[in-house]
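Q: I have a structure open and would like to practise reading it feature by feature. Could you take me through it?

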Amino acid sequence: MATITTLARPYAKAAFEFATSAAALDAWSGMLAVAAAVAADPVFVERMRDPALTRERKADDLLMVCEGQITPEFGNYIRTLADNDRLLLIPDIAELFEQYKAEHDRSITVEVESAFELSADQQKTLATALTRRLDRTVTPHVTINPSLIGGVLIRAGDLVIDGSVRGKLAKLAEALKS
């Protein structure tokens, strides 16, 4: 696996650098995912190992399956991989690309439901605290939800922080049932 990663790394890095410069990280992530799914298919793997097929034909086969889901620039990238006999590395390249992307995307938009309007200072304080906790730059998206009674409900990806009065009352009610 280490050798495969070593072989895939320069191609992943090149894709990441191009996608970053083109402001197309998400698009390239998606295209790599599609190409990786095709390249991991056992039928495709067997076909790519056929010595009778030219590298150009192998690239054409992959591009035909991905047609309509990739950009011309990504098609050129696939042709470069084929020219260097690296099409079977696409799943590894996609995995490394996602690692580079995760390191790059050190920001997150957090959904904040509040019982009352939050001032700019309160939003800034909340964002600062969440930035420390999540180790990411946080941009709060605040909505008003009077049914919370008081406090806030925060959603950051899979993380939910319920600091609402309604949530605390629900916990109290549950504790009293026990």
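Q: Which residues does Ser107 touch, not counting residues up to four places away in sequence?

A: This is a predicted model, so keep that in mind as we go. A contact here needs heavy atoms within 4.5 Å. By that test Ser107 touches Arg136 and Thr137, once residues up to four places away in sequence are set aside. Look at the pair Ser107 and Arg136: they are 29 residues apart in sequence, but their C-alpha atoms are 4.9 Å apart in space.

Q: Where is Ser107 found, and is Ser107 buried, partly exposed or exposed?

A: Ser107 is found in strand β1, which covers residues 107–114. Its relative accessibility is 47%, and because the partly exposed class runs between 20% and 50%, Ser107 counts as partly exposed.

Q: For contrast, is Ser164 buried or exposed?

A: Ser164 has a relative accessibility of 1%, so this residue counts as buried. You will find Ser164 in the loop between β4 (159–162) and α8 (165–177). Leaving aside neighbours within four places in sequence, Ser164 is in contact with Leu148, Gly150, Gly151 and Val152.

Q: How do I read the packing of two helices, and at what angle do α2 and α5 cross?

A: Two packed helices are described by the angle between their axes and the distance between those axes. Here, the axes of α2 (residues 25–40) and α5 (residues 72–83) come within 11 Å and cross at roughly 45 degrees. That angle makes α2 oblique to α5. The crossing of α2 past α5 is right-handed.

Q: Which residues make that contact?

A: From α2 come Trp28, Met31, Leu32 and Ala35, and from α5 come Glu73, Phe74, Tyr77 and Ile78. Sorted by character, the residues of this contact are seven nonpolar, no polar and one charged. As a general guide, an α-helix has 3.6 residues a turn, so residues three or four places apart point the same way.

Q: How can I check the length of a helix, say α4: what should its twelve residues span?

A: Allow 1.5 Å a residue, and the twelve residues of α4 (residues 55–66) should span 16 Å; the end C-alpha atoms are 17 Å apart, which agrees. Within α4, the buried residues are Lys58, Ala59, Asp61, Leu62, Leu63 and Cys66. Their cover includes α2, α3 (42–48), α5 and α6. Just after α4, Gly68 takes a positive phi of about 85 degrees.

Q: And what does the check give for α6?

A: The 15 residues of α6 (residues 90–104) should span 21 Å at 1.5 Å a residue, and the end C-alpha atoms are 21 Å apart, so the two agree. The buried residues of α6 are Ile90, Asp92, Ile93, Ala94, Leu96, Phe97, Tyr100 and Lys101.

Q: Gly68 had a positive phi. Which residue other than glycine has a phi near 50 degrees?

A: That is Ala23, with a positive phi near 50 degrees. Ala23 lies in the loop between α1 (2–21) and α2. At 74% relative accessibility, Ala23 counts as exposed.

Q: What about Asp135: what is its phi, and where is its place?

A: Asp135 has a positive phi of about 55 degrees, although this residue is not a glycine. Its place is in the loop between α7 (120–134) and β2 (137–144). Asp135 counts as exposed, because its relative accessibility is 55%.

Technical notes. Residues numbered from 1 in each chain as written. Predicted model: local features only at pLDDT ≥ 70, side-chain atom pairs only at ≥ 80, totals over all residues. Heavy atoms only, no water. Axes fitted to C-alpha atoms, helices over the stretch in contact; angles between N-to-C directions. Helix = DSSP H or I, 4+ residues; strand = E, 2+ residues; numbered from the N terminus. Parallel < 35°, antiparallel > 145°, perpendicular 65-115°, else oblique. Left-handed = near helix turned anticlockwise from the far one by under 90°. Nonpolar A, V, L, I, M, F, W, Y, C, P; charged D, E, K, R; others polar. Expected span 1.5 Å × (residues − 1). Buried < 20%, exposed > 50% of the residue type's maximum accessible area, 1.4 Å probe, protein only.
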